Amino acid sequence: MTTPAYLDPRSGRTWPLDTPRWCGDGGEPLLLTDLPGIGREEIDRTQRSIWRYAAALPFRPAAPITMGEGCTPLLEREIPGGTALLKCEWFMPTASFKDRGASVMLSLLRDQGVAHVLEDSSGNGGAAISAYAAAGGMRAKILVPASTSPAKTVQSRAAGAEIELVPGSRQDCADAALAQARDIFYASHNWHPFFLHGTKTLAYELWEDLGFRAPDNVIIPCGAGSNVLGCWIGFSELLRARQIDRLPRLFAVQPENCAPIARAALGAPPAEPRPTMAEGTAIAQPIRLPEVLVALRESGGGAAMVAESAIGDATLDLARRGLYVEPTCAQAAAAFAQLRAAGRIGAGETTVLLLTGTGLKATPRIAELCGVAL
């Protein structure tokens, strides 16, 4: 096995892991060089969390920051479009899938001596970084747009994170984070490759959930693409380790109102972003667009765009089946019906839908769908 390193996938340049960094020398987004993957005998069955797959990480931290994240339910349900397996990722300490990435990223960075981290996020990413920094005795500063509802930052404030309100748009907030990254280590869920090696544990978990085999399809709500890339990395490692004989087809789903990745994958012309109820995937300029497209293509999958009406219908349909999730991830169910109707997914195939966050984080929006005034 070669020594793991940071990798610029566009140039092939590498940097050693022993010096913490979040981007290339020219500001390029990084991945890690390929890791060999693990077999079932290397799963640490004494751990009921993502850390049962610690042997698959680039290095083991001396003391992981963990709160039992992972090992989420996988439920078989009949929904519009047919039978699907629903991966309930909101069963996490901060109630979203981002706990996988936060746990691994901050554990590895703390092991490398990083004690103060910066993040820009008004939602699940900020909540996860704040909570895991608190659990690990680290300081966290979260930048959020000044227009953000105060309710969306309460979870981060309660964890003790410093919150800075940035005037302007979400892009202005990201630009401010880049400027402050000169002084505070930028542990961004969108930028740091260690985060992707947290989200890749989802692939290992699905493999174990399904009796050590890969599903046929995984439908993934997609903003910046961390879950798409995490699944691609994880399943590619399992293929490399000869634990599976093929990659599952990965499908990225985005709202029609903001779908830069889906439009590029489908060959549709770009469009100006518009507001969407699927707020968690409303990323107008995803930094790893080329890499996400490679993942979709290499897996044999693709993308889907869903209308606001379909997202709203799917949110209420899942709720009336007992699954209260935010519209951001309900769009996976809307895309499943769409892909089945188009014949892109077969009736007899094993299809996993990722449900990434709880509806409790979208109460005002779901109240609107229910016709209730708050």
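1. Starting in the middle of the sheet: V218 has V352 of β13 as its bridge partner. That belongs to a parallel pairing of β10 (residues 217–221) with β13 over three bridges; strands count as paired if DSSP finds at least two bridges between them. β5 (residues 82–88) also runs parallel to β13, over four bridges, and there L86 is matched with L353. Strands here are DSSP E runs of at least two residues and helices H or I runs of at least four, numbered from the N terminus.

2. Before going further, a caveat: this is a predicted model, with local features needing pLDDT of at least 70 and side-chain atom pairs pLDDT 80 or more, while totals for chains, interfaces and linings use all residues. Residues are numbered from 1 along each chain as its sequence is written, and side-chain values use heavy atoms, leaving out hydrogens and water.

3. Back to β13 (residues 351–355): five of its five residues are buried, so the strand is largely enclosed by the rest of the structure. Buried means under 20% relative accessible area, with a 1.4 Å probe and protein chains only. T351, L353 and L355 point one way, V352 and L354 the other.

4. Helix α4 (residues 170–180) buries C173, A174, A176, A177 and Q180. Down the helix axis these fall within an arc of 160 degrees, so they line one face; the arc is that of the directions from the axis to the C-beta atoms. Their cover includes β6 (116–120), β7 (139–145), β8 (162–166) and β9 (185–186).

5. The largest nonpolar core has 45 residues, and M105, L106, V117 and F194 touch the most other members. A core here is a set of buried Ala, Val, Leu, Ile, Met, Phe, Trp, Tyr and Cys residues joined through side-chain atoms within 4.5 Å. Helix α1 gives the largest share, six residues. Beyond four places in sequence, V117 is in contact (heavy atoms within 4.5 Å) with residues including L106, I129, M138 and F185. Apart from this core lies another, of 35 residues, among them L31, Y53, L85 and Y204.

6. Overall, the chain has 12 helices and 13 strands, and 58% of its 374 residues count as buried. Its radius of gyration is 19 Å, which agrees with the value near 21 Å for a compact globule with 374 residues; this is taken over C-alpha atoms, and the globule rule is 2.2 Å times the number of residues to the power 0.38. Residues 24 or more positions apart account for 72% of the contacts with a separation of 6 or more.

Definitions and conventions:
Buried means under 20% relative accessible area, exposed over 50%, partly exposed in between (1.4 Å probe, protein chains only).
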